[in-house]
Amino acid sequence: MAINATSVDNASSYNNGVHTVSARSGEIGGTGDSFNFAYQTMVGDGTIVARITSYQGTGWIPRAGLMLREGPTPTAAHALMSVVGGNTLEFRWRASTGGGTSAVGGAA
């Protein structure tokens with residue numbers, strides 16, 4: 001699924017328990033986002049286990065990770081734990097719909 005991302009190179013698939021996402025546009029930050037992602041709706045409590053098994057990033061601040069998001073709109077509140085640029089961990093969040101995005105990062 002895409003949020004404000006229009007590149008023809010964006011794609012996602014799910015096969016045998018593995019999500020694969022390819023994206024070449026967008027950014028997650030500010031008061032609105034633009035990116036491509038695979039998602040699973042979750043209602044109530046749940047458990048998520050994720051592992052990044054392959055990462056190839058080029059362009060402006062490539063990232064791969066796991067996001068919890070209130071919905072598929074560009075201004076949705078969210079929390080994102082990601083690998084940025086291939087070797088740095090970053091936690092990024094928007095505490096309220098339409099609010100600014102905050103981030104904290106560190107060494108992998």
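The legends below describe close-up views of a predicted model.

**View 1. A nonpolar patch on the surface that includes Leu68.** Met42, Ile48, Leu66 and Leu68 together make up this surface patch, and their combined accessible area is about 340 Å². Leu68 belongs to strand 5, which covers residues 63-69, and Leu68 is partly exposed, with a relative accessible area of 47%.

**View 2. The surroundings of Ser82 in strand 6.** Strand 6 spans residues 78-84, and Ser82 is one of its residues. With a relative accessible area of 2%, Ser82 counts as buried, because buried residues are those under 20%. When residues up to four places away in sequence are not counted, Ser82 touches Arg63, Ala64 and Gly65, as well as Thr88, Leu89 and Glu90.

**View 3. The hairpin of strand 6 and strand 7.** The two strands run antiparallel, and seven bridges join strand 6 to strand 7, the latter formed by residues 88-94. One bridge partner pair is His78 and Arg94, with Arg94 lying in strand 7. Three residues stand between the two strands of the hairpin, and in this turn Gly85 has a positive phi of about 65 degrees.

**View 4. Ala77 in the loop between strand 5 and strand 6.** Although Ala77 lies in a loop, Ala77 is buried, with a relative accessible area of 15%. Ala77 and Arg94 are 17 residues apart in sequence, while their C-alpha atoms are 4.8 Å apart in space. Leaving aside neighbours within four places in sequence, the contacts of Ala77 are Leu68, Arg69 and Glu70, together with Arg94, Ala95, Ser96 and Thr97.

Definitions and conventions
Residues are numbered from 1 along each chain as its sequence is written. This is a predicted model: local features need pLDDT of at least 70, side-chain atom pairs count only at pLDDT 80 or more; totals for chains, interfaces and linings use all residues. Side-chain values use heavy atoms; hydrogens and water are left out. Patches are made of residues with over 30% relative accessible area and no salt bridge: like charges are joined within 9 Å, nonpolar side chains (Val, Leu, Ile, Met, Phe, Trp, Tyr) within 5 Å. Accessible areas come from the Shrake-Rupley method with a 1.4 Å probe; for residues, only the protein chains shown count as cover. A salt bridge is a side-chain nitrogen of Lys or Arg within 4 Å of a carboxyl oxygen of Asp or Glu. Helices (H or I, at least four residues) and strands (E, at least two) are DSSP runs, numbered from the N terminus. Buried means under 20% relative accessible area, exposed over 50%, partly exposed in between (1.4 Å probe, protein chains only). Contact means heavy atoms within 4.5 Å. Two strands pair if DSSP finds at least two bridges between them.
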